[in-house]
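This report covers charged side-chain pairs, aromatic rings and a buried acidic residue. Please view the sequence and the structure together while reading.

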Amino acid sequence: MRVHLVMDVICVHSYLGFTRFTRAADRLRAEGVPVTVEFLPFELAPGAPADGRPLLEVLEQTFGPQAAAGALAFAERVAGEGLRLEYGKAIATGTFDTHRLIADAALQGKAELMAERLFRAHFTDGLHVGDPATLARLAAEIGMTTGHVPAAELRARLDRVRRLGITGVPVFLIENLPPLTGSQSETTLLAALRQAATTKGETS
């Protein structure tokens, strides 16, 4: 079964959705059902500079003072699911190069590992994921090489996703099912994966 995930590593709902999806997919994999994941790139803030600024400061400037308070409250709510969101350390940045890194990782069978590491680097470790040196260090950490996907190819992939009409993330495109969008629960995602597996089994 093939699943396409449309996400951005600076999107907290993508991080939550990815975590829940991975747990659901791993439950199916443990039962002997193969789940293949492919990432489709989406820039939450296209054209955003990669110089890096404090995330809470950017949220307040963009959405008002209530945005920072809302982010901190959200962090408290998801802590029970094992996510540690350190908004006080997080750095706002452009994500074009993070998507290139995930695309490189996909060629080496490590896309899910790379995506998880980038989410955690941004939201938990307070690392600047727009910084080339940081990305190189994270790539080395999971044992992958870089530079396989040209920038022009990634721009073409971003354009293709936009042409699909996707305007927000996360989006879960599970084979043979309608798209699921937003922060779906682990239970919902597991049920969708089981349904897709059953449908695939009936038609194969």
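## Basis and numbering of elements

Helices (H or I, at least four residues) and strands (E, at least two) are DSSP runs, numbered from the N terminus. The model is predicted.

## Glu-43, a buried acid

Glu-43 sits in the loop that runs between strand E2 (36-41) and strand E3 (53-54). The residue is buried but takes part in no salt bridge. Its nearest side chain of opposite charge belongs to Arg-162, at 4.6 Å. A salt bridge requires the nitrogen and the carboxyl oxygen to be within 4 Å, so the 4.6 Å between Glu-43 and Arg-162 does not qualify.

Which residues does Glu-43 touch, leaving aside its neighbours within four places in sequence? The contacts are Asp-8, Thr-95, Phe-96, His-99 and Leu-158.

## Salt bridges

Side chains of opposite charge can pair when their charged atoms come close. The model has 14 salt bridges. In one of them, Arg-84 pairs with Glu-86, and the closest N and O atoms are 2.8 Å apart. Arg-84 is partly exposed at a relative accessible area of 46%, and Glu-86 is also partly exposed, at 27%. Elsewhere, shared partners join the salt bridges of Asp-26, Arg-29 and Glu-112 into one network.

Within this network, Arg-29 forms a salt bridge with Asp-26, with 3.0 Å from N to O. Both residues belong to helix H1 (residues 12-30), and because they are three residues apart there, about one helical turn separates them. Arg-29 is partly exposed at 26% relative accessibility, while Asp-26 has a relative accessible area of 39% and is partly exposed too.

The side chain of Arg-29 also meets that of Glu-112 in a salt bridge, again with an N to O distance of 3.0 Å. Arg-29 lies in helix H1 and Glu-112 in helix H5 (residues 111-123), so this pair ties together parts that are 83 residues apart in sequence. Glu-112 is partly exposed, with a relative accessible area of 24%.

## Aromatic pairs

A pair of aromatic rings is described by the distance of the centres and the angle of the planes. The count of aromatic pairs is six. In the pair of Tyr-15 and Phe-123, the ring centres are 5.6 Å apart and the planes are at 20 degrees, so the pair is stacked. Tyr-15 is in helix H1 and Phe-123 in helix H5, and the pair links these distant parts of the chain across 108 residues. Tyr-15 and Phe-123 are both buried.

Phe-18 and Phe-119 form a further aromatic pair, this one tilted, with 5.6 Å from centre to centre and 35 degrees between the planes. Because Phe-18 lies in helix H1 and Phe-119 in helix H5, the pair ties together parts that are 101 residues apart in sequence. Phe-18 is buried, at a relative accessible area of 3%, and Phe-119 is buried as well, at 1% relative accessibility.

What cluster do these rings belong to? Tyr-15, Phe-18, Phe-39, Tyr-87, Phe-119 and Phe-123 form one aromatic cluster.

## Links between helices H1 and H5

Three of the pairs described above can be read together. The salt bridge of Arg-29 and Glu-112 ties helix H1 to helix H5. The stacked rings of Tyr-15 and Phe-123 also have one partner in helix H1 and one in helix H5, and the pair of Phe-18 and Phe-119 is likewise placed across these helices. In the aromatic pairs the residues are buried, whereas Arg-29 and Glu-112 are partly exposed.

Terms used:
Residues numbered from 1 in each chain as written. Predicted model: local features only at pLDDT ≥ 70, side-chain atom pairs only at ≥ 80, totals over all residues. Heavy atoms only, no water. Buried < 20%, exposed > 50% of the residue type's maximum accessible area, 1.4 Å probe, protein only. Phe/Tyr/Trp six-rings, centres within 6.5 Å; stacked < 30°, edge-to-face > 60°. Lys, Arg positive; Asp, Glu negative; His and termini not counted. Contact = heavy atoms within 4.5 Å.
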